[in-house]
Amino acid sequence: MARAALPAGVTLSTWAEGLEHPWGLALLPQGGALVTERPGRLRVVSGQGQLSAPVAGVPRVDARGQGGLLDVVLHPDFARNGLVYLSYAEAGDGGNSTAVARGKLVQDGGQWRFADSQVVFRQAPKFASTLHFGSRLVFARDGKLFITLGERSSRQTRPDAQGLNTHHGKVVRINDDGSVPRDNPFVGDKGALPEIWSQGHRNPQGAALNPRTGELWVVEHGPQGGDELNVVRAGKNYGWPLYTYGEEYGGGRIGQEASPPGFEPPLYSWVPSVSPSGLAFYTSQAIPSWTGSLFTGALSGQALIRLQLDGEKVVREERLLTDLGSRIRDVVMGPSGELYLLTDARQGKILVLRGAGAAGS
């Protein structure tokens, strides 16, 4: 790992500001973006960085602790159907859990609305916790939707990550209408929830498709140490809480470090923790030295992390923007090779990194 300066010609600017704990960003095909604020607001950002009034019709969220309005993603056919998907903490019997709603982004008389909203997924069971909602949303090439889910940060629910009868500590995969794909790995298994794609996760807060393979990669929070980068494959078990490089807060062993056969070891791990959030593969030539890299934000690490890859091996880590002292919540690559970053703060911002001569937003 090395602290690094930005490459020559790369500039950092502020696109929008005045956001309260922004969490997820989705770029709109006609320009501008949608951005979530954890307290429960969805806003439209113009190409000039102006924020709309809060979008009407957004689901009510449980905005306590790490909960609230979280990720946002556009349907792959958004240009035709206008569908937007939101993940959020939803209160209900027994506590709360991650839910995903979809609706149409429409504009009436200058007011944006999240119209015809319907819930397409609810994490089960609900549990009384304000932590570990996971919540990243990624559409695969085949139109299926991946949802990352935390194990709710309780010693009571921690073992659930190793069972198939709850959604705690899982990545799930659904059709765009919320139905279950027939080829999910545990469909037909007695006692298994059919939405489950993989198990043994702690709190995955960054997810992206590898542009070369189409596979889902995630970054997830370990406890005290042991943050992980994983390739998430059907039916695989990623070990939590049996196998981890982390320990209890304040010290104390949780599980074993080495993953035996039957469990997937991480591609890369951080000890001490950096709290990775957001994930983006950089495929553009706009900043040539970054082409083929993987980027994640760091919350406790207060940096933008660049991972240089050789296939599925991380060969170098650089930490950028460490002088900002900002918690980076999300990272999104734009159509002209720019990188959009969300800073997780009461007065949060959307920052943009651009190479020399890159187009605007």
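**Strand pairing, pockets and local backbone features**

Strand E23 (residues 339–343) is joined to E24 by 4 bridges, and the two strands run antiparallel. The connection between E23 and E24 is a hairpin of 4 residues. Across this pair, leucine 342 stands opposite isoleucine 350 in E24. The model described here is predicted.

Strand E24 spans residues 348–354 and is mostly covered, with 6 of its 7 residues buried. E24 also pairs with strand E2 (residues 11–19), to which 7 bridges join it in an antiparallel arrangement. Here glutamate 17 stands opposite lysine 349 of E24. E24 is thus bridged to E23 and to E2.

In UniProt, an unreviewed entry lists residues 19–351 as "domain: Glucose/Sorbosone dehydrogenase". Over residues 19–351, 1% of the chain is helix and 41% is strand. The C-alpha atoms at the two ends of this range are 12 Å apart.

An open sheet of 4 strands is formed in the order E10-E11-E12-E13, with antiparallel pairing. Strand E10 (137–139) and strand E13 (196–198) stand at the edges; each has a single partner strand, so one side of each is left without a neighbour in the sheet. On average, neighbouring strands of this sheet are turned by 30° against each other, direction ignored. Within the sheet, strand E11 (residues 145–148) and strand E12 (residues 171–174) run antiparallel and are joined by 4 bridges. Phenylalanine 146 has arginine 173 in E12 as its bridge partner. The loop between E11 and E12 contains serine 153, whose phi is near 55°, a positive value in a residue other than glycine. Serine 153 has a relative accessibility of 31% and therefore counts as partly exposed.

A positive phi in a residue other than glycine is also found at leucine 321, where the angle is near 60°. Leucine 321 lies in the loop between strand E21 (313–320) and E22. With a relative accessibility of 8%, leucine 321 counts as buried, because the cut-off for burial is under 20%.

The empty space of the model was examined next. The largest pocket holds about 1000 Å³ of space. Its lining comprises 35 residues, of which Val73, Leu137, Val138, Val332 and Met333 lie nearest the pocket centre. The elements that give two or more residues to this lining are strands E3 (22–27), E6 (69–74), E10, E14 (204–209), E18 (276–281) and E22 (328–333), together with helix H1 (78–81). Edge strand E10 of the open sheet is therefore among the elements that line the largest pocket. By class, the lining has 25 nonpolar, 6 polar and 4 charged residues.

The second largest pocket contains about 270 Å³ of space. It is lined by 22 residues, and those nearest its centre are Gln66, Asn203, His221, Ser275 and Leu299. The lining of the second largest pocket is made up of 4 nonpolar, 12 polar and 6 charged residues.

A search of the whole structure returned 3 cavities of 30 Å³ or more. The largest cavity has a volume of about 60 Å³. Its lining consists of Gly200, Arg202, Glu220, His221, Gly222, Pro223, Gly226, Glu228, Tyr238, Trp240, Tyr243 and Thr244. By class, these comprise 4 nonpolar, 5 polar and 3 charged residues. His221 appears both in the lining of this cavity and among the residues nearest the centre of the second largest pocket.

Two further residues of the cavity lining, Trp240 and Glu228, are connected with local features. Tryptophan 240 is joined to proline 241 by a cis peptide bond, with omega about 0°. Proline 241 lies in the loop between E16 and E17. Leucine 267 is found in the loop between strand E16 (227–232) and strand E17 (268–270). Leucine 267 is 39 residues from glutamate 228 in sequence, while their C-alpha atoms are 7.4 Å apart in space. At 28% relative accessibility, leucine 267 counts as partly exposed.

A cis peptide bond is also found from alanine 124 to proline 125, with omega near 0°. Proline 125 is located in the loop between strand E9 (111–122) and E10.

Note on methods
Residues numbered from 1 in each chain as written. Predicted model: local features only at pLDDT ≥ 70, side-chain atom pairs only at ≥ 80, totals over all residues. Heavy atoms only, no water. Pairing = 2+ DSSP bridges. Axes fitted to C-alpha atoms, helices over the stretch in contact; angles between N-to-C directions. UniProt positions renumbered as here; feature names shortened; annotations may be inferred. Buried < 20%, exposed > 50% of the residue type's maximum accessible area, 1.4 Å probe, protein only. 1 Å grid on protein atoms, 1.4 Å probe; cavity = no way out; pocket = protein on both sides within 12 Å on 5 of 7 lines; lining within 4 Å. Points joined across faces, edges and corners; volume = space filled by probe spheres on them. Nonpolar A, V, L, I, M, F, W, Y, C, P; charged D, E, K, R; others polar.
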